[in-house]
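Visitor: Hi, I have a few quick questions about this one. Can we go through it together?
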Amino acid sequence: MKTTFKVPLVAMLAILSSCSNDGKKSTEDNALSTSNPFLSESKLPYQAVAFDKINDDDFKPALEEGMKQHLAEIEKIANNAEAPTFENTLVAMEKSGSVLNRVNRVFGLLTGANTNDKLQKLQEEVAPKLAAHQDAIYLNSKLFKRIETIHNQRTQLKLDAESNRLIEYYYQNFELAGAKLTDEQKTDLKKLNEQEASLSAKFSNQLLAASKAGALVVADKAELDGLSDAELDAAAQTAKTNQLEGKWIIQLQNTTQQPDLLVLSNRNTRKNLFEASWNRAEQNNDNDTRKTIVQIAKIRAEKAKLMGFPNYATWKLQDQMAKTPAAVDAFFDKLVPSATAKARTEAADIQSVIDKEKGGFKLEAYDWNHYAEKVRKAKYDLDENQIKPYFELNNVLQNGVFYAATQLYGITFKERTDLPVYHKDVKVYELFNEDKSPIGLFYCDYFKRDNKSGGAWMDNMVGQSTLLGTKPVIFNVCNFSKPVDGQPALISFDDVTTMFHEFGHALHGFFANQKYPGLSGTNVARDFVEFPSQFNENWALDPAIFKKYATHYKTGEPMPQALVDKIKKASTFNQGYALTEVLAAAALDMQWHKLSAAEPLQDANKFETAALQKTHLDLPYVPSRYRSSYFLHIWGNGYAAGYYAYLWTEMLDHDAFQWFQENGGLTRANGQRFRDMILSKGNTEDYGIMFRNFRGHDPSITAMQKSRGLPTK
């Protein structure tokens, strides 16, 4: 819902998206030289990335050398004449690939957050090579034989719990990757993996270009009635930057619905903005993604068949908390009827407002947010424009996000202005434990740019590992509208919760306390990784936290209690719509990935329509949060057959937060317990057991339903 966070199959082998640096020097010679910054560890604190020493031409030779070195290390392990042991096989693998891991992390960060044509081209070029590199490891028969031997002997080895988990982790990953296939099948799988990697990189680049080109250009200021002066100035500045001075540009965010649809009073402008979003990647040009996604879906179905599974979803969910598509379907069955029923009731309320105003039209998707806001004002006397002046971005960060972490976990923050960054908008903070011991570095990049992928996400530049002696260096990326110079960055409450969400991911990474990098921090299942982030959103409305950051940007006065009460009372407002749009996206994801290899290539639009009808989520005024053609999560960011995870982990987060409410709420002791039992564990325990140990029972959906204002049974 809030993030495009990526969890690799094995952290050091992540195939990450790509990007570039502003104003960095460039050289023509791609040959690897001793000056390449990726060849050795950074000398900066925490091995922070020396962005001031990196240029675009460093990536290709470093990636190639990294793959070369890594394969040599793997071959040495696989061909070791000594009998396989935990140390000479699995620990050796955990230590391997340092150069590739180092360059891959930076390549992924930059291509996601600050890309250019050169690096996008390299991204498409290197994606199949990285896929082949991964296959060279996971389909190495000698290597798997050693792992299998260790796995068979694991009960006699008398290892600690984390080491035993590492054995299971590697064995399952190799098995899932096709290690037990015949040589002929492995050859076929390698081809499919390379094709999928190339198409996924192509999709990401097509979508970035399509979203940029799809921005709405407006020539008449009157058509933008409803936007604030600051928003108009920002739109005018964007147009000027794009050589369209005298006009206004509304850039597209990654979701179907666009934030400005809430305030724009001109219905034709709303329609144009919605259609620009809806059709961004379906323009029958080079950036039309439909053929690309159909090919990806077909390849994934073929891969599943090759590995002996009826479809990709069945294969993919084996190592997740849900385990099977049937479990996901059963979970949806508990939510879809009540969510759509609530959405229909909300639609009737909105239609009554339209009729009362003598609008003379039936509710459409592009009307929903605008008129829902009117319903909210009428029901709760709550106006978004009243709220924003109390949410200034830096104040929310310092006195909201950081303050909550201090109260719960005792950690403190210090801004670092001495470290190089990849863009001038990026800020860096150092984190410390209560005893002043260092934790790591946090980079935040909050404003949207044309060369930044949509959405919000977290990842590591450096991962935590006591084996490697590394502490976490973590970044958060968002896409908030940037104000013109001299103006405050006023954000919506939804943006506030996004900041809390992404920092929840960061806390999961910062509090990692693992020996092995493959099990560290956020290297967990898709349907568990969103649990800490969504849990952290709950503190945004905690009274003790809220009063610290919800202060007027001009006067410093706290938000009036009457307005606070209105926000809380309105918390379940529009939840039928909000839940239905996410369910629709999750259903699309599962339907695409439940296709069998025997089924013919699909028409993307017809398939999407049929999929929503089949799952009873085809409400015309509630469009899917993401349309198939711009669903970056599942075609480019690793959430294939996994978008349901946002809702699954919402169940976990509300149930866990209920424990806090039952046990004193916001206290250091409670925060420490959550840190010790959830946030610090990484992938060292079975997720169900980990949750039960904290909560005292299996996850219950009741708290989630109450939070959404849905009926409970």
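Guide: Sure. This is a predicted model. Let's start with a helix pair: helix 24 and helix 26 cross in a left-handed way.

Visitor: Which residues make that contact between helix 24 and helix 26?
Guide: Helix 24 brings Leu652, Asp655, Ala656, Gln658, Trp659, Phe660 and Glu662. Helix 26 brings Phe691, Phe694 and Arg695.

Visitor: How many of those are nonpolar, polar or charged?
Guide: Six are nonpolar, one is polar and three are charged.

Visitor: And at what angle do the axes of helix 24 and helix 26 cross?
Guide: Roughly 20°. The axes come within 10 Å. Helix 24 covers residues 645-662, and helix 26 covers residues 687-695.

Visitor: So are they roughly parallel or roughly antiparallel?
Guide: Roughly parallel. Angles under 35 degrees count that way.

Visitor: New topic. How many residues does helix 11 have?
Guide: Helix 11 has 17 residues, 290-306. From first C-alpha to last, helix 11 reaches 25 Å, close to the 24 Å expected.

Visitor: How many residues of helix 11 are buried?
Guide: 12 of the 17, so helix 11 is largely enclosed by the rest of the structure. Among the buried ones are Ile293, Val294, Ile296 and Ile299. Arg290, Arg300 and Lys303 are on that list too.

Visitor: What do the buried residues of helix 11 pack against?
Guide: Five helices are listed here: helix 8 (183-213), helix 12 (312-316), helix 21 (575-592), helix 22 (604-614) and helix 23 (632-635).

Visitor: What comes just after helix 11?
Guide: Glycine 308, with a positive phi of about 90°.

Visitor: Which residues other than glycine have a positive phi?
Guide: Asparagine 284 is one of them, with phi near 55°. Histidine 616 is another, with phi near 60°. Most residues other than glycine have a negative phi.

Visitor: Where is asparagine 284?
Guide: In the loop between helix 10 and helix 11. Asparagine 284 counts as exposed because its relative accessibility is 69%, and the cut-off is over 50%.

Visitor: And histidine 616, buried or exposed?
Guide: Exposed, at 55% relative accessibility. Histidine 616 sits in the loop between helix 22 and helix 23.

Visitor: Last one. What about threonine 269, buried or exposed?
Guide: Buried, at 3% relative accessibility. Threonine 269 is in helix 10, residues 267-278.

Visitor: What does threonine 269 touch?
Guide: Leu216, Glu223, Leu224 and Leu264, leaving out residues up to four places away in sequence.

Note on methods
Residues numbered from 1 in each chain as written. Predicted model: local features only at pLDDT ≥ 70, side-chain atom pairs only at ≥ 80, totals over all residues. Heavy atoms only, no water. Helix = DSSP H or I, 4+ residues; strand = E, 2+ residues; numbered from the N terminus. Expected span 1.5 Å × (residues − 1). Buried < 20%, exposed > 50% of the residue type's maximum accessible area, 1.4 Å probe, protein only. Contact = heavy atoms within 4.5 Å. Axes fitted to C-alpha atoms, helices over the stretch in contact; angles between N-to-C directions. Parallel < 35°, antiparallel > 145°, perpendicular 65-115°, else oblique. Left-handed = near helix turned anticlockwise from the far one by under 90°. Nonpolar A, V, L, I, M, F, W, Y, C, P; charged D, E, K, R; others polar.
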